[in-house]
Amino acid sequence: MISKTIKIFYDQISYVYGCFVVLDYPLSLDNNWFDIVLDELTEIESNWLFETSSLTARLKLNSRYFEVKVLSEIIQDLTMSQANILKTDIQTALFREVVLYCDGKPQVYAQSWIPLRTQQKQNNELMSLGTKPLGEQIFKDPSIKRNTIEIAKFDSAHPIANVVNMLGLAPLNCWGRRSVLTLAQQKLLVCEIFLPGSFIETKASELNLD
Ligand SMILES: C=C(O[C@@H]1C=C(C(=O)O)C=C[C@H]1O)C(=O)O
């Protein structure tokens, strides 16, 4: 599993950037996280950051061609802090790291941590998503609930700046968010960073495609 994943990771990096690069792995998203709407947020920023429904669905609504590029998909131990956020005693999780594109433009870098007990790893659709959006799969479940959304600002000193750089984007501060999604049979921690030039920086009036 691990060697296959590392291959996917490097293939994707090579495909996206045209060269091999080495990232800290998994990319740490440690930061100061806030669970309130901060005064400095514009209306459109808070609107995207505090979206409670599927981000995938919202990105699809704002594009003609939506694409998921998988950077990595591996089984990884949860850190203590992740296990605390998830309120789980399960130690291992499916870790998935993707870039979400709208019409060829990178919009969101996302990490998902899906704690799985050994028996849950068999015949589990979440284990073999590949380029299928995780959001579509989990939001099919009517029991889904999003817990508190926390937000954080990622500056150029943060490791996410390497991803921004490799995607060829301008090195701007980025807003990110994280939340736990709870389904009847599953919990997952999702962290999403809105990349420079993404919809979060667009004026509401410019979002109409036609
Ligand atoms: C959680 C959602 O799923 C999105 C899709 C992801 C994926 O395909 O790996 C990862 C994180 C999310 O941005 C959502 O749509 O809200």
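This report covers strand S3, its two partner strands and Ser 198 in a predicted model.

## Strand S3

S3 spans residues 105-115. The strand is mostly covered. Of its 11 residues, 10 are buried.

## Pairing with S2

Strand S2 covers residues 92-102. S2 and S3 run antiparallel, joined by 10 bridges. One of the facing positions is Ala 93, which stands opposite Pro 115 in S3.

S2 and S3 form a hairpin with two residues between the strands. Asp 103 in this hairpin takes a positive phi near 45 degrees.

## Pairing with S7

S3 also pairs with strand S7, residues 187-194. Six bridges join S3 to S7. This pairing is antiparallel too, as S3 and S7 run antiparallel. Val 108 has its bridge partner in S7: Phe 194.

## Ser 198

Ser 198 sits in the segment after S7. Is Ser 198 buried or exposed? Ser 198 counts as buried because it has 21 C-beta neighbours inside 10 Å, and the cut-off for buried is 20 or more.

Which residues does Ser 198 touch, leaving aside its neighbours within four places in sequence? The contacts are Gln 107 and Val 108. Val 108 therefore appears twice in this account: as the bridge partner of Phe 194 in S7, and as a contact of Ser 198, a residue that is buried by its 21 C-beta neighbours inside 10 Å.

Ser 198 can also be placed relative to Val 68. The two are 130 residues apart in sequence. In space, they are 15 Å apart, C-alpha to C-alpha.

Key:
Residues numbered from 1 in each chain as written. Predicted model: local features only at pLDDT ≥ 70, side-chain atom pairs only at ≥ 80, totals over all residues. Buried ≥ 20, exposed ≤ 12 C-beta atoms within 10 Å, placed from the backbone. Helix = DSSP H or I, 4+ residues; strand = E, 2+ residues; numbered from the N terminus. Pairing = 2+ DSSP bridges. Contact = placed C-beta atoms within 7 Å.
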